[in-house]
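Hello,

Here is the structure I promised to pass on to you. Please open it next to this message, and then read on for the notes.

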Protein chains: 2
Amino acid sequence: MLIVGERINTSRKSIAEAVKAKNADAIKNEAKIQAEAGANYIDVNSGTSLDKEPQDLLWLVETVQSCVELPLCIDSPNPEAIKVALAAHKGEAIINSVTAEANRAEVLLPLVKEYSANVVGLAVDEKGIPKTAEERFEIAKKILDLTSKAGIDKEKILIDAVVQPVSTDSNQGREFLKAITLIKTLGLKTIAGLSNVSFGLPNRVGLNAAFLSSAITVGLDAAIIDITDKKIATAVYAGLAIAGRDEYCQNYLKAFREGKL
Amino acid sequence: MLIVGERINTSRKSIAEAVKAKNADAIKNEAKIQAEAGANYIDVNSGTSLDKEPQDLLWLVETVQSCVELPLCIDSPNPEAIKVALAAHKGEAIINSVTAEANRAEVLLPLVKEYSANVVGLAVDEKGIPKTAEERFEIAKKILDLTSKAGIDKEKILIDAVVQPVSTDSNQGREFLKAITLIKTLGLKTIAGLSNVSFGLPNRVGLNAAFLSSAITVGLDAAIIDITDKKIATAVYAGLAIAGRDEYCQNYLKAFREGKL
């Protein structure tokens, strides 16, 4: 299971302020606590920087990698920002994300190939966000087609089946879980940011944790989460233990001993 | 989803003492808090009473039903105790449990039929507790055969696929979840007491909650749990919401408003 730490994102007010003020210590602290909590990748997102996004994202890449020896998940809708960030990045990044929209793939996939990066394939196409598991599966096939034409290895791809809120459509949790099962039949890895499932509902962390464990039992390979939250960490390690993905429960026991649960 | 409240069980010291002293107020309080927390059935188990089990179980049935208007889950290995308890019980009880062992079924199934009770079919046979999902499925088919020969309606049966600890066999969580999926293809309902999954591990409630939510997403119909525990209640209502089993999330929202999560 790959854990991508989600905390360095300018949609959080404290991060937006730190990026604006170029407060490296604040960003480094966020990187360190996530690394200590068990993150395998640190997500960096400066989406609210608007026209300054390329330089802000570059600053985030350099600042985070100056203090933790981890690869990053470069999270941006802006190909120019991704390009600048990738050039400065050490190791094999995850690019978040391409979609099945040909124009976006055309710009980003050559960069993914050039830098031997991993890439998140978001299950979205020209028609928007799919409603059913089967629609998500069809889009994953299109992404596999686009990436293989671009010469990208299958194992570099992580499909994000796009979690939608259950508050507006009660079937969205079930359809997402079914989509994971279907997409894995293609031999593709899956990734998800899960918190959208609880949008509009109270006790969001409780719902997110239940969803995360359930997604792990159907084979979710990677999650973009706040691993410093003990409820979320418990959902990860408990999920792996009940899914038969933690031999002798050794990771669960280690996480408990380290005070992470 | 049927919730069977598990708290009135003499394996808990306070309950054993209350049964021994015939402290009706203590038992009634346990019944009331479970009913208020949303239990649909109250489990009564006086297994540690040994040769006094029939009269103790009868006392529990009468005491609980004198204060809550709920049917009970009569939980005993002793056919004599079950017989006495059923005769005093109001409504349609759940008998917990028969197995695929013919001698046990021969004694209990006529009682189930006579009292129009529901019955838990424990996925255990002469060979003991199964290891794989497929073995559990085969035993469920034997139980279906035994019950239908005894003239018991299919909808009265709840198969307990028998949760085993992941600490001693890492595959047991996954095999149980797969067993639920298989058994439901027979058109049978499923029930489980989940806490055994975490036997021998720390932070048991965290693991039990993750397992409960995951089991609900694969279709678990009933659970024998402590619904007064907010972590367990959250796992139930969050599990139903993400499984597409709670239209408009109305039960989740109601449980939250009532302070149950």
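Below are some notes on the fold of each chain and on the contact between them.

First, the ground rules. This is a predicted model, in which local features need pLDDT of at least 70 and side-chain atom pairs count only at pLDDT 80 or more, while totals for chains, interfaces and linings use all residues. Residues are numbered from 1 along each chain as its sequence is written, chains are lettered from A and ligands numbered from 1 in the order in which they are written, and side-chain values use heavy atoms, with hydrogens and water left out.

Let me start with chain A. Its 8 strands close into a barrel in the order β1-β2-β3-β4-β5-β6-β7-β8, with parallel pairing. From one strand to the next, the twist averages 25°. (Helices, H or I with at least four residues, and strands, E with at least two, are DSSP runs numbered from the N terminus; two strands pair if DSSP finds at least two bridges between them.)

For a closer look, try strands β3 (residues 72-75) and β4 (residues 94-98) of chain A, which run parallel and are joined by 3 bridges. Here Ile74(A) stands opposite Ile95(A) in β4(A). Helix α2 (residues 24-37) of chain A packs on the sheet and touches β1 (2-9) and β2 (41-45), its direction making about 160° with that of β1(A). Helix α6 (residues 133-149) of chain A lies across β5 (118-122) and β6 (157-160), at about 155° to β6(A). (Contact means heavy atoms within 4.5 Å; axes are lines fitted to C-alpha atoms, for helices over the stretch in contact, and angles run from 0 to 180 degrees between N-to-C directions.)

Two details of the backbone in chain A are worth a visit. The peptide bond from Asn96(A) to Ser97(A) is cis, with omega near 15°, and Ser97(A) is found in strand β4. Cys249(A) is not a glycine, yet has a positive phi of about 55°; this residue sits in the loop between α9 and α10 of chain A.

Now for chain B. Here 8 strands close into a barrel in the order β1-β2-β3-β4-β5-β6-β7-β8, and the pairing is parallel. Strand β5 (residues 118-122) of chain B runs parallel to strand β6 (residues 157-160), with 4 bridges joining them, and Val120(B) stands opposite Leu158(B) in β6(B). Helix α3 (residues 53-65) of chain B packs on the sheet against β1 (2-9), β2 (41-45) and β3 (72-75), its direction making about 155° with that of β2(B). A cis peptide bond joins Asn96(B) to Ser97(B), with omega near 20°, and Ser97(B) lies in strand β4 (residues 94-98) of chain B.

How do the two chains meet? The contact takes 31 residues from chain A and 31 residues from chain B. About 2,500 Å² is buried between them, 68% of it given by carbon and sulfur atoms. (Buried area is the accessible area, with a 1.4 Å probe, that two parts lose on being put together, summed over both.) In chain A, Ser170(A), Ile242(A) and Tyr252(A) lose the most area to chain B, together 23% of what that side buries.

The rule finds 0 salt bridges across this interface (a side-chain nitrogen of Lys or Arg within 4 Å of a carboxyl oxygen of Asp or Glu). On the side of chain A that touches chain B, α7 (172-184), α8 (204-217), α9 (230-242) and α10 (250-257) each supply at least two residues. The largest share there, 7 residues, comes from α8(A).

Best wishes
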